[in-house]
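Visitor: I'm new to this one, so please walk me through it slowly. Let's have a look.

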Amino acid sequence: MSVFTIILIVFVAFLAGMEGVLDQWQFHQPLVACTLIGLVSGHLESGIILGGTLQMMALGWANVGAAVAPDAALASVASAILMVLALNGGSDQGTAISTAIAVAVPLSVAGLFLTMIVRTIAIPIVHFMDGAAEKGNFAAIDMWSIIAICLQGIRIAIPAAALCFIPDEAVMGALNMMPAWLNEGMTIGGGMVAAVGYAMVINMMATKEVWPFFALGFCLAAISQLTLIALGVIGVCLALIYLGLKELATSGAGAAGSGDPLGDILDDYE
């Protein structure tokens, strides 16, 4: 990779690291980070495919209580860089993406260790900000806040820069050394990522109220004439109808209505 490409990749990694805390522009999400790295490296299509696949898995990553979710930022950036290196080395798209997916989960766990280090370093920064607040020094508070956020960006940028300097031949050599059964296993595992992500989401939100929509979605998806846009429109309409009926039942307005819940909802919108 050229120096300019490496600089762009490190910049994307820096943004992804900061967004892992800020959550404003979602640069740390796989779909965004992998797409941007694919864009700056000249492999946009592969980056979108990798990001979309990993995003299905990351749907179930959430901090619940004391349980900390895997680091999506490092997993997205590092797996995308490895994919780019494999493609630059002459690997086909399918093998490169499957390999990147296989290493994404271990990288996400390793990212938790880096997060722990950065947050430990940030502890003195909090005390510095407390001291600045006691003195009424708002400029110092802003400065230490920016430094703390930049530490999160550096947490991803440094590993990204290190990965960029791995020779393409080394990545291809590692891929060629893998036996056929391992390559096939990673390909199958990559195909299961979407199912695992959806299963994790279902486990968190499954209730007797949403199961009918889940089953209905399978029935609608079997209709080949419906595009993804059509399915999305149907999903939004069903959600609006459900929320309207639920609000109507909660408010008790249904007793004084016309007896037609859908008609009452439409009258309210008008």
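**Helices, core and rings**

Visitor: Is the crossing of α3 and α4 left-handed or right-handed?
Guide: A crossing is left-handed if the near helix is turned anticlockwise from the far one by less than a right angle, and right-handed if clockwise. Helices here are DSSP runs (H or I, at least four residues) numbered from the N terminus. For α3 and α4, the crossing comes out right-handed.

Visitor: At what angle do the axes of α3 and α4 cross?
Guide: This is a predicted model, where local features need pLDDT of at least 70 and side-chain atom pairs 80 or more, while totals for chains, interfaces and linings use all residues. Residues are numbered from 1 along each chain as its sequence is written, and side-chain values use heavy atoms, without hydrogens or water. The axes (lines fitted to C-alpha atoms over the stretch in contact, with angles from 0 to 180 degrees between N-to-C directions) come within 11 Å, crossing at roughly 145°.

Visitor: Which residues in α4 do S46, G47, L50 and L54 meet?
Guide: By class, this contact (heavy atoms within 4.5 Å) has five nonpolar, three polar and no charged residues. L50 also reaches beyond α4, touching I97, A100 and I101 among others. On the α4 side, the partners are S79, A80, M83 and L87.

Visitor: Which helix gives the largest share of the largest nonpolar core?
Guide: That core (buried nonpolar residues joined through side-chain atoms within 4.5 Å) has 35 residues, and I37, L50, L54, V77, I81 and M83 touch the most other members. Helices α1, α2, α3, α4, α5 and α6 each supply at least two. With 12 residues, the top contributor is α4.

Visitor: What kind of pair do F213 and Y242 make?
Guide: There are four aromatic pairs in the structure (ring centres within 6.5 Å; planes under 30 degrees apart are stacked, over 60 edge-to-face, the rest tilted). F213 sits in α9 and Y242 in α10, 29 residues apart. Their centres are 5.5 Å apart and their planes lie at 80°, so the pair is edge-to-face.

Visitor: Is F218 buried or exposed?
Guide: F218 lies in α9, four residues from F214, about one turn of the helix, and W211 joins them in one aromatic cluster. Buried means under 20% relative accessible area, exposed over 50% and partly exposed in between, using a 1.4 Å probe and protein chains only. F214, at 35%, is partly exposed. At 57%, F218 counts as exposed.

Key
Ala, Val, Leu, Ile, Met, Phe, Trp, Tyr, Cys and Pro count as nonpolar, Asp, Glu, Lys and Arg as charged, and the others, Gly among them, as polar. Rings of Phe, Tyr and Trp (its six-membered ring) pair if their centres lie within 6.5 Å; planes under 30 degrees apart count as stacked, over 60 as edge-to-face and the rest as tilted. Lists of a residue's contacts leave out its neighbours within four places in sequence.
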